[in-house]
Amino acid sequence: MSALPRPAFGPGSRYTARASLTRPRPTPTPHRADVVALTHRLTARDLWLTAMVHEHRVLTSTQLSRLAFPSLRSAQRRLRTLHQHAVLDSFRPLTQTGTAPEHYALGPVGATVLAAHAGCELTTLGWRPTTTGRIAYSPSLGHDIGVNELLTHLAAPAQHASSGSLTVWLSERSCARRWEDMIRPDAYAHWHTPTTSTGTPCLLPFFFEYDTGSQPLARVEAKLVGYAAFTTTTNTRPALLIHTRTASRDRALRGRLAQAAHDLGLHVATSSADFTTDTPWGPWWAPLDLAARRTTLTGLATLWTDLTPAAGLEPTDADTVLTLPVPPRPPTAPEG
């Protein structure tokens, strides 16, 4: 098994991948003629998986199973096939205890397929042969996986289905493409509840910030100014959800941000991994009012009746297949 070299300095130098190994492929990367033949064998779900992995940079086998497969075993079987045909790349990072799930990024054939569908060159796609290595050694890998972990739980067709569903999910990359001149959230999403206690549907459009505790509280507070400017400039009002790793960090953020959010007229709610593990749709989100009680995402939507989706979501003539949002669920019923 061949090793990916660890950089001596710069991005990734402080991150150790699990034995720095990627899974070997039994056959060489297909030639162009083989790629054309392969595209006829890719299912609608395969193409969706390829676009999803490109959109969100890296997703684990567990996360992809949650989104698109009836079981982890069937997910592993199909993902292994896509890896063998170089549609996806795969690596497994080091963990302090136990074994990490397989992590999937866009492979060379997958990049070629996406570029062909979009009618563009690979350079326009942004894919390079070193892309997977950069992701594996990136200091932000844990952060990216954390964002995707929470949002794949929301997007999965699990026991929360009667409470609501994730109908829109934009990655950090897509958010930056649309709003980088004003804000750069870790994600943007829509939580839709078809029927509430009042018998009417409701929508929670929200920006998402995944706080690892590495930034000073003052820097997190400074982000609120950008969100307030966005609200004023675009005349739209999404909520802002901030997820932290611990309840203590959650309390610290709430104490620091409550007055600023009130002064800026922002709707902000927080929660932490101490509450939301496996059930982020549950009653774990507390508005930035020190006396507020925790509630569900649907509860936030019914509390904040003046919320509206963010500006800039509508497709324009400048959009391509690559710039349009990838649906958070496969286009057809999951295949076995």
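This note walks through the two sheets, one helix crossover and the cysteines of a predicted model.

1. Ground rules. Residues are numbered from 1 along each chain as its sequence is written, and side-chain values use heavy atoms, with hydrogens and water left out. Because the model is predicted, local features need pLDDT of at least 70 and side-chain atom pairs count only at pLDDT 80 or more, while totals for chains, interfaces and linings use all residues.

2. The six-stranded sheet. Start here. Six strands form an open sheet in the order S4-S5-S6-S7-S8-S9, with mixed pairing. Strands (E, at least two residues) and helices (H or I, at least four) are DSSP runs, numbered from the N terminus. Two strands pair if DSSP finds at least two bridges between them. S4 (165-171) and S9 (286-287) are the edges; each has a single partner strand, so one side of each lacks a neighbour in the sheet.

3. Strand S6. S6 covers residues 202-211, and nine of its ten residues are buried. Buried means under 20% relative accessible area, exposed over 50%, and partly exposed in between (1.4 Å probe, protein chains only). On one pairing, S6 meets S5 (residues 187-193) in the antiparallel sense over seven bridges. On another, six bridges join S6 to S7 (residues 239-244), and these two run parallel. Phe 208 is a useful landmark: Ala 187 stands opposite it, and Phe 208 also stands opposite Leu 241 in S7.

4. The crossover. S6, helix H10 (residues 217-234) and S7 make a right-handed β-α-β unit. Right-handed means that, with the strands pointing away from the viewer, the path from the first strand over the helix to the second runs clockwise.

5. The S9 end. S8 (residues 268-272) pairs with S9 in the antiparallel sense over two bridges. Ala 269 stands opposite Pro 287 in S9.

6. The three-stranded sheet. A second point to check is an open sheet with the order S1-S3-S2 and antiparallel pairing. S1 (59-60) and S2 (88-91) are its edge strands, each pairing on one side only. S2 and S3 (residues 103-106) share four antiparallel bridges. Within that pairing, Phe 91 stands opposite His 103.

7. Cysteines. How many disulfides does a search of the whole structure find? Zero. A disulfide here is a pair of cysteine sulfur atoms within 2.5 Å. Cys 120 is partly exposed, at 21% relative accessible area. Cys 202 counts as buried because its relative accessibility is 12%.
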